[in-house]
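Work through the exercises below with the sequence and the coordinates at hand. Each task is followed by a solution in steps.

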Amino acid sequence: MLSTLRIRHIGVIDDAMLDFGPGFTALTGETGAGKTMIVTGLTMLLGGRLDRGRTSGASTVDGTLSLSGHPELADSLDELGAEEDDGEVLVVRRVTRDGRSRAQIGGVPVPIGTLSRLVGTAVTVHGQSDQQRLRDLDAQREALDRFAGAEIAPLLERHREIWRERSLLAERLTELDALLAERDRRGSALREALERLEQADPLEDEDASLRAEIDRLGNAEELRGAAGQAALALVGDEDGPAAAPLMAIAAESLGRAARTDPTLAPLLERLDSVRLELSDVAAEISRYAEDIDASPGRIQEANERLHELTVLVRDLGGLLPGADGPAEDITTLLTTSRTAAIDLDRFEGAEQERAGTAARLTELEQELTAAAEALTAARTDAAGALSAAVQEELRHLEMPDADIRVDVTGQSHRSHGRDSVAILLAPHPGARPLPVAQAASGGELSRVMLALEVALSSSRSDRSAAPVFVFDEIDAGIGGRAALAVGQRLARLARHAQVIVVTHLPQVAAHAGTHLQIVKSSREGTTSSTVETLDRPARIRELARMLAGDDASDVALAHAEELLEDASGVTSGTSTARGARG
């Protein structure tokens, strides 16, 4: 339910607050008072655009929306982080002076598309240029499904479950076919490659280690000579000076001095440490010189192993590529071989999985066909019932000769079944049934739309979950008995939904539970409008003005009071009678 609406700076409305009733609210006013601006404001609240010709400055619309009976909307707003107050949420739409648009739901800034998607689930604006339910085939199918929800909803859910499972399995079957094709193309080659790799049994970085070893062995004599000369320079021999004997002399001299001057003791300790380190280095150099293997056999063995690994990388690098292309060393080859082994494991089970998947898909096709046939049967039955219900409503709306038909025909299979639903209208006997948006004139289209909404609402048991219907110019082109019938049917629709109607007909306004008047005033050459909620005496005066153009005529006032009494009698059994009685 839409509780309040505040409009600022749209057209002639400078600042107006509208308090809506729970049932049927009528908005009336003189020509040019700004009734259209109210609908413009409501449309903005749904994400619609604002014609910049309507205002030269910034415009703002605030609406308070009750979440009662709309659990999906409440859940969506909760995920959004929107704040609510006692089950209501504040929706704000602002268009700045330079035309930029801003929107908030419960204090949370949202894109205009999100505003339209969320608020649009609760509020529907019907105007002669905006009756999508009568033009869009998907919307007509959804309307039929809601009309017979008890029968169709479980069938539709079952069909969608099968459809989802079938879609997932079809995708998996495509993946398995691709996997098996890859197996046929690469499987044998991968298997042979992994067998060669296993036979060679390389280690990570083994090729790099072999190259370093071969380089060392090829220079063994030179390396041994350099190591021996270095060791000799450190420890010396009897024929010449060396570092170790000289350091021994230095240590002996410093030791004698330290006995006289104890401050030299730390330096003596450091010198002894250096002597020990030098001795260790000399020992390691000597061992290095002794361990260098200059035998031709080891060099040949290392070269043969390196050649084997090089050929392995050359042959298998392209078959087992890395992230940057063919593997160029043993380490990369070992890494990519693990991925290849995983692929082979996938290949092994793919054929068996494909057989099971294909068998299940065949079963699902049969189940889907049966589910679609059940949906078609239920929709066909519901179409007859909806046709009869809308036909009856049209009779009440002074269109007794119109023939309405809800057709269920076949189309390509989709998640909702294989049915296309179209509402066809023959406006008079002998006319060929056409899609209702083509067959009906403006006024007829409005009445057909109203008849459809009333018929659909009759299947709705929860008033709180009903949408908000906003009707603009639904009474265009009609009058007399047809106008009275429209008012009565709007009152009936208001038993199951909140109905907000912009009207210029007193026969329609008299049936409302809440009556709002757009009041125009002029001051210093400027025209502006406000909105007033009318009590019973004020309603009578407004209805008299609408009837006769004069709210002071005793005849018009008497006629207005009689009209209001008659309308109150019609709606006294509904929750909308509260406002009609003042």
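Helices here are DSSP runs of H or I with at least four residues, numbered from the N terminus. The model is a predicted one.

**Exercise 1. Place Gln507 in the fold, classify its exposure and list its contacts beyond four places in sequence.**

Step 1. Gln507 belongs to helix α15, which covers residues 506-509.

Step 2. The relative accessible area of Gln507 is 18%. The limit for buried is under 20%, so Gln507 counts as buried.

Step 3. With neighbours within four places in sequence set aside, the contacts of Gln507 are Gly480, Ala483, Leu484, Gly487 and Leu563.

**Exercise 2. Describe the chain as a whole: its secondary structure, burial, contacts and surface.**

Step 1. The chain contains 18 helices and 15 strands.

Step 2. It has 582 residues, and 44% of them count as buried.

Step 3. Among contacts with a separation of 6 or more, 68% are made by residues 24 or more positions apart.

Step 4. The accessible surface is about 29300 Å², and carbon and sulfur atoms account for 49% of that surface.

**Exercise 3. Trace the salt bridges of Arg298 to Glu213 and Glu301, and state how the partners are separated along the chain.**

Step 1. Between Glu213 and Arg298, the closest N and O atoms are 2.6 Å apart, and the two residues form a salt bridge.

Step 2. This pair links distant parts of the chain: Glu213 is in helix α6 (residues 206-218) and Arg298 in helix α10 (residues 296-316), 85 residues apart.

Step 3. Arg298 also forms a salt bridge with Glu301, at 3.0 Å from N to O. Both residues are in helix α10 and three residues apart, so about one helical turn separates them.

Step 4. Now compare exposure. Glu213 is buried at 15% relative accessible area. Arg298, at 22%, is partly exposed, and Glu301 is partly exposed at 48%.

**Exercise 4. Give the total of salt bridges, examine the pair Arg314 and Asp315, and identify a network of shared partners.**

Step 1. The structure has 33 salt bridges.

Step 2. One of them joins the side chains of Arg314 and Asp315, with an N to O distance of 3.1 Å. Arg314 is exposed, at 61% relative accessible area, while Asp315 is partly exposed, at 35%.

Step 3. Elsewhere, Arg158, Glu165, Arg360, Glu363 and Glu367 are joined into one network by salt bridges that share partners.

**Exercise 5. Find the aromatic pair and the residues that touch the most other members of the largest nonpolar core.**

Step 1. A search of the whole structure returns one aromatic pair. Its members are Phe469 and Phe471, whose ring centres are 6.1 Å apart and whose planes make an angle of 35 degrees.

Step 2. Planes under 30 degrees apart would count as stacked and those over 60 as edge-to-face, so this pair is classed as tilted.

Step 3. Phe469 is buried at 1% relative accessible area, and Phe471 is buried at 0%.

Step 4. The largest nonpolar core has 62 residues, of which Phe24, Leu386, Leu450, Phe471 and Leu490 touch the most other members. Helix α13 (residues 442-457) supplies the largest share of this core, eight residues.

Step 5. Another core lies apart from it and has 43 residues, including Leu27, Met37, Leu46 and Leu118.

Step 6. As background, nonpolar side chains in soluble globular proteins tend to be buried together.

**Exercise 6. Characterise the backbone and surroundings of His9 and Asp201, given their positive phi.**

Step 1. Most residues other than glycine have a negative phi.

Step 2. His9 is not a glycine, yet its phi is positive, about 65 degrees. His9 is in strand β1 (residues 2-10) and is partly exposed, with a relative accessible area of 38%.

Step 3. Asp201 likewise is not a glycine and has a positive phi, of about 50 degrees. Asp201 is found in the loop between α5 (149-200) and α6 and is exposed at 54%.

**Exercise 7. Locate Glu373 and give its distance to Arg418.**

Step 1. Glu373 is in helix α11, residues 330-396, and is partly exposed at 45% relative accessibility.

Step 2. Glu373 and Arg418 are 45 residues apart in sequence, and their C-alpha atoms are 8.5 Å apart.

Methods: Residues are numbered from 1 along each chain as its sequence is written. This is a predicted model: local features need pLDDT of at least 70, side-chain atom pairs count only at pLDDT 80 or more; totals for chains, interfaces and linings use all residues. Side-chain values use heavy atoms; hydrogens and water are left out. Helices (H or I, at least four residues) and strands (E, at least two) are DSSP runs, numbered from the N terminus. Buried means under 20% relative accessible area, exposed over 50%, partly exposed in between (1.4 Å probe, protein chains only). Rings of Phe, Tyr and Trp (its six-membered ring) pair if their centres lie within 6.5 Å; planes under 30 degrees apart count as stacked, over 60 as edge-to-face and the rest as tilted. Contact means heavy atoms within 4.5 Å. Accessible areas come from the Shrake-Rupley method with a 1.4 Å probe; for residues, only the protein chains shown count as cover. A salt bridge is a side-chain nitrogen of Lys or Arg within 4 Å of a carboxyl oxygen of Asp or Glu. A nonpolar core is a set of buried Ala, Val, Leu, Ile, Met, Phe, Trp, Tyr and Cys residues joined through side-chain atoms within 4.5 Å.
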